[in-house]
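Visitor: Got a minute to walk me through the aromatics in this one? I'll paste it here.

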Amino acid sequence: SLHNPALTVVNSLIGILKYCADQPEMMLGYFRAMSLLPIELMYAMLNALAGMPGSTAVVALRLLALQPDPDLMHAAIEALIVRSDKEALKALAALEPNLPEDPARVVSRHLQKLRLSGHTTNLLKEAKSDCRALLGPIDGRGRRMLWLVVPTLRGSRQAAPARKGQIGYLALLLKDTVGVLDTLGMPNHDSDIFPRQTPVGTMHRNLASVPLPGESPGLVPYDGVAWCLEAPFTYGLRVLRDAVRENWVSGTPLPLEYQVLFDIAWRYGEKVDGESDEHEKIAEIEGHAENENELLSNSIFDSWYLESGAVYLAAQELLAEDVGLPVEMTDQSWRALLPMVIKLARNEFNLDTRQCYSQRLKLMAQWLSFAGQGEDARLAASAARTMLESPPEANLFVLSLVQKGLLVALTNLLSGEGVG
């Protein structure tokens with residue numbers, strides 16, 4: 001019923017961006033409502049923003065460039081390209097690693113042309129010594145936590161002045177087959193919520209004060225104990241970039257919180273395409289280990305086991321037959337159950353599942369290498385290769401995942417919990 005609804009929404013949006021930039025909870029409530037608007041109104045907003053001066057309009061265009069509608073995305077990117085001012089170029093540089101392949105290529109070509117012509121350099125900042133990545137291991141369902149911690153922007157027009165001892169952060173829940181599942185972030189927050197900065201490779205445990213996204217279920221793996229590793233900041237950004245790419249491939253929209261707050265970390269993305277750390281190359285080692293299944297004795301892998309309906313059906317059969325049930329991985333009862341284990345391995349570990357596990361193991365090889373656990377890193381890298389090279393029913397690591405899954409299923413059924 002408004003005379004000019006697009007302009008009304010745009011003016012409201014600009015007001016929110018100007019006055020609530022340091023209050024994400026207020027911004028997110030507004031953007032969540034905005035995301036429900038008809039697509040026609042989103043286009044009308046874009047047209048109004050395109051001709052509006054100022055850096056606040058650039059922030060709004062950046063948000064529209066991350067919407068899943070491909071035409072709206074391309075139009076928002078084009079509007080930023082046409083503006084050609086420094087703020088718009090910075091927005092494009094931060095967007096590039098967060099876009100699908102084709103739009104990212106358009107942005108990359110545009111920025112490269114400008115660099116070659118000498119018009120612009122250093123649109124993003126190089127990571128400072130106090131930029132941190134705290135990275136969790138991958139759990140049995142392919143999830144991991146990533147925290148990116150950066151210095152606050154002092155004197156920014158987009159945020160309230162930062163006090164001494166404050167940081168900005170993004171807390172991200174990632175899943176290998178989906179991408180970024182959930183995000184929590186603050187541009188200004190007290191730094192003591194995080195453990196003291198330590199050398200790369202240091203393990204942090206029991207992080208009671210470390211923030212977690214609050215909307216997704218089961219965020220903290222390993223029975224409520226949060227583990228994370230002090231990792232290089234650029235490596236953390238590369239992990240995040242790969243997760244965002246998975247969002248676009250899987251068709252899962254980026255969480256609204258991420259769309260609004262991703263620049264907190266990505267403004268320090270200048271060297272993200274630089275040379276890889278030596279620990280990132282660990283998966284390239286030659287040869288394979290005969291004892292890959294010993295990897296599962298590492299407590300980091302406590303949640304790694306096969307979990308499926310077929311496993312629970314098999315466990316129910318075992319309970320009904322009242323046979324000698326195994327109580328641990330080394331139990332001799334497994335000899336009689338080997339045909340069942342082999343059948344589950346063959347049926348449950350199809351090519352897609354094995355490719356998924358292989359990628360998880362490659363990433364865990366890197367994580368273990370950063371953590372200084374060289375032998376387990378070697379086992380993980382070896383298991384990543386043999387996961388694809390050997391039949392699942394002849395793969396000791398796969399058979400151990402099935403064994404462990406049966407033990408968990410039996411324990412749950414006996415305790416009345418059922419499928420987890």
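Visitor: Is Tyr-357 buried or exposed?
Guide: Buried. This is a predicted model, and in it Tyr-357 has a relative accessible area of 7%. The cut-off for buried is under 20%, so Tyr-357 qualifies.

Visitor: What sits over the face of Tyr-357?
Guide: Arg-360, at 5.0 Å from the ring centre.

Visitor: And which aromatic pair is Tyr-357 part of?
Guide: Tyr-357 pairs with Phe-349. Centre to centre they are 5.4 Å apart, with 45° between the planes. That pair is tilted. Phe-349 is buried too, with a relative accessible area of 1%.

Visitor: Which residues form the cluster with those two?
Guide: Phe-301 and Trp-304 join Phe-349 and Tyr-357 in one aromatic cluster.

Visitor: Zooming out, how many aromatic pairs are there in the whole structure?
Guide: The search finds 6. One of them is Tyr-235 with Phe-370. Their ring centres are 4.8 Å apart and the planes sit at 50°, so this pair is tilted.

Visitor: Where are Tyr-235 and Phe-370 in the chain?
Guide: Tyr-235 is in helix α8, residues 233-250. Phe-370 is in helix α13, residues 351-370. They are 135 residues apart, so the pair links distant parts of the chain.

Visitor: Buried or exposed, those two?
Guide: Both Tyr-235 and Phe-370 are buried.

Visitor: Switching to confidence. What's the average pLDDT?
Guide: The chain averages 86, and 87% of the residues score at least 70.

Visitor: Where does pLDDT stay under 50?
Guide: Residues 155-161 are one such stretch, with 14 contacts beyond four places in sequence. Residues 216-225 are another, with 22 such contacts.

How values were computed. Residues are numbered from 1 along each chain as its sequence is written. This is a predicted model: local features need pLDDT of at least 70, side-chain atom pairs count only at pLDDT 80 or more; totals for chains, interfaces and linings use all residues. Side-chain values use heavy atoms; hydrogens and water are left out. Rings of Phe, Tyr and Trp (its six-membered ring) pair if their centres lie within 6.5 Å; planes under 30 degrees apart count as stacked, over 60 as edge-to-face and the rest as tilted. Helices (H or I, at least four residues) and strands (E, at least two) are DSSP runs, numbered from the N terminus. Buried means under 20% relative accessible area, exposed over 50%, partly exposed in between (1.4 Å probe, protein chains only). A charge sits over a ring if NZ of Lys or CZ of Arg is within 6 Å of the ring centre and within 35 degrees of the ring normal. pLDDT is the predictor's confidence in each residue, from 0 to 100. Contact means heavy atoms within 4.5 Å.
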